[in-house]
Amino acid sequence: MKRYSVLLMIVLLLLNNSCVAREQTWQYAALDGAISNPLTGNVWWAEDLSPRPQPISLVYANITWAQLEPQEGEYAFEALEEANHFAYWRDQGVHIILRFVMDMPGKSAHQDLPDWLVRRVNGQAYSVSYGRGWCPDYGDPELLEAHGKAVAALGERYDSDPFVSFVELGSLGHWGEWHVHEDAGTMPDEAVRELYVADYLEAFPQTQLLMRRPFRIAAQQGLGLYNDMAGNREATLRWLDWVRNGGAYADEPQGLAAMPEGWKTGAVGGELATDRTPEALLREEKDLLALFQQSHTSWIGPHSFSTVEDESLQQTLDDLMAGIGYRLRVSESTLRGEMFYFTMVNDGIAPFYYPWQVRLRLTNQAGEAVFLDSDLDLREVLPGQQITASVYIPRSVDFDTIDVGVLDPMTEMPALRLAMDVPVEDGWHTLVQP
């Protein structure tokens, strides 16, 4: 009788080929506190390599037309990328936000369009409270034609590059913020504005696009939004009212569209208003986190909290960072025969907006690893929801541990820190171990 028991045990071990039982469930506790993660949190200026006291995972670059195309048809990508340290940030695993602009008010008279284009299109120099600059006639046919070519060149260069994660639709208005001082020029009507948007839609089909206001085309196309007055209570509440209810824009009674659930597919970002310092906002604005959460904000910058050094504000800042963006974790996994199931939940306020690969690593006692990809689409794991994915693990695979990682397509390495209390090494989170 004992001989048969021993033989049965040997057969079972050979079938399992692993010390992990093929019928088992594991549960994992959530991790509290702030986590520095890709595509969320603080943003900083790409051109500035000075040390920052707070972590960042995104940088931001303004691209003026004069910088991009100094000579007609000749695009200075190498110079732009060097000035904004693209190679350095890639090496750091940091992604970038781009904004193409035509008009950046400054202290002295200047033009942000290239000279060859200024000579061809209508526009006017201005000196207003914002500063000095040159505002083009946005409805000028030659400007529209040239804009389409310039944005197409940007898209050809960057749309398939995972380093470029977000593009804010600039182009129109001071700083590309879609407003113009009444003494500097005028914004175009909806029909013309949508021609500019169409250029971006064609050039960047793979990249998240964000608009300053919830214009009707933003709602129609499922674009994201950015609020460049974040932290300012009055301005943010007004912006939130636009998002929730739509309303008038200039003399257009229905220029803005309601997008109360737009955040589910389009990212929300933007930078802090400059009426108060980041430190003052953390000290004084009691509803600060609520404003960001109502906005479903994923990231803040380039004017952000990344410069905060006051240690007395660190806990407040950590609570804020923990309260924005996505917060993904595995809550439970089950091995049942040749199928491994794991449940992903999102404790954050926003989705993850790209389909980064979720991969399993199965390692045996000899240190040999097998990698299996799941079919989980992280974009579908909305806040408060859970999705269970499955992976087929043949019995021929010998393993003792199962780890999970989310791969950044820029590096093809695990990059997300899941908000779960498990051992983590090089981005791999242990789900199963002996």
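Three short exercises on this predicted model follow, each with a worked solution. Local features need pLDDT of at least 70, side-chain atom pairs count only at pLDDT 80 or more, and totals for chains, interfaces and linings use all residues. Residues are numbered from 1 along each chain as its sequence is written, and side-chain values use heavy atoms, with hydrogens and water left out.

**Exercise 1.** Describe how helix α9 packs with helix α11.

Step 1. Locate the helices: α9 covers residues 233-245, and α11 covers residues 288-295.
Step 2. Take the geometry. The angle is about 20°, and the axes are 10 Å apart. Therefore α9 is roughly parallel to α11 (angles under 35 degrees count as such).
Step 3. List the contacts (heavy atoms within 4.5 Å). From α9 come Arg233, Thr236, Leu237, Trp239, Leu240 and Arg244; from α11 come Leu291, Gln294 and Ser295.
Step 4. Sort these residues by type: four are nonpolar, three polar and two charged.

**Exercise 2.** Find the loop that holds Pro302, and classify the peptide bond from Gly301 to Pro302.

Step 1. Pro302 sits in the loop between β13 (299-300) and α12 (314-322).
Step 2. Omega is near 15°, and the bond is cis. Most peptide bonds are trans.

**Exercise 3.** Place His85 and Asp426, and state whether each is buried, partly exposed or exposed.

Step 1. His85 lies between α3 (77-83) and α4 (86-91), in a loop. Its phi is positive, about 55°.
Step 2. His85 has a relative accessible area of 24% and is partly exposed (buried is under 20%, exposed over 50%, partly exposed in between, with a 1.4 Å probe and protein chains only).
Step 3. Asp426 belongs to the loop between β21 (424-425) and β22 (428-432). Phi of Asp426 is positive too, near 55°.
Step 4. At 62% relative accessibility, Asp426 is exposed.

Terms used:
Axes are lines fitted to C-alpha atoms, for helices over the stretch in contact, and angles run from 0 to 180 degrees between N-to-C directions. Helices (H or I, at least four residues) and strands (E, at least two) are DSSP runs, numbered from the N terminus. Angles under 35 degrees count as roughly parallel, over 145 as roughly antiparallel, 65 to 115 as roughly perpendicular and the rest as oblique. Ala, Val, Leu, Ile, Met, Phe, Trp, Tyr, Cys and Pro count as nonpolar, Asp, Glu, Lys and Arg as charged, and the others, Gly among them, as polar.
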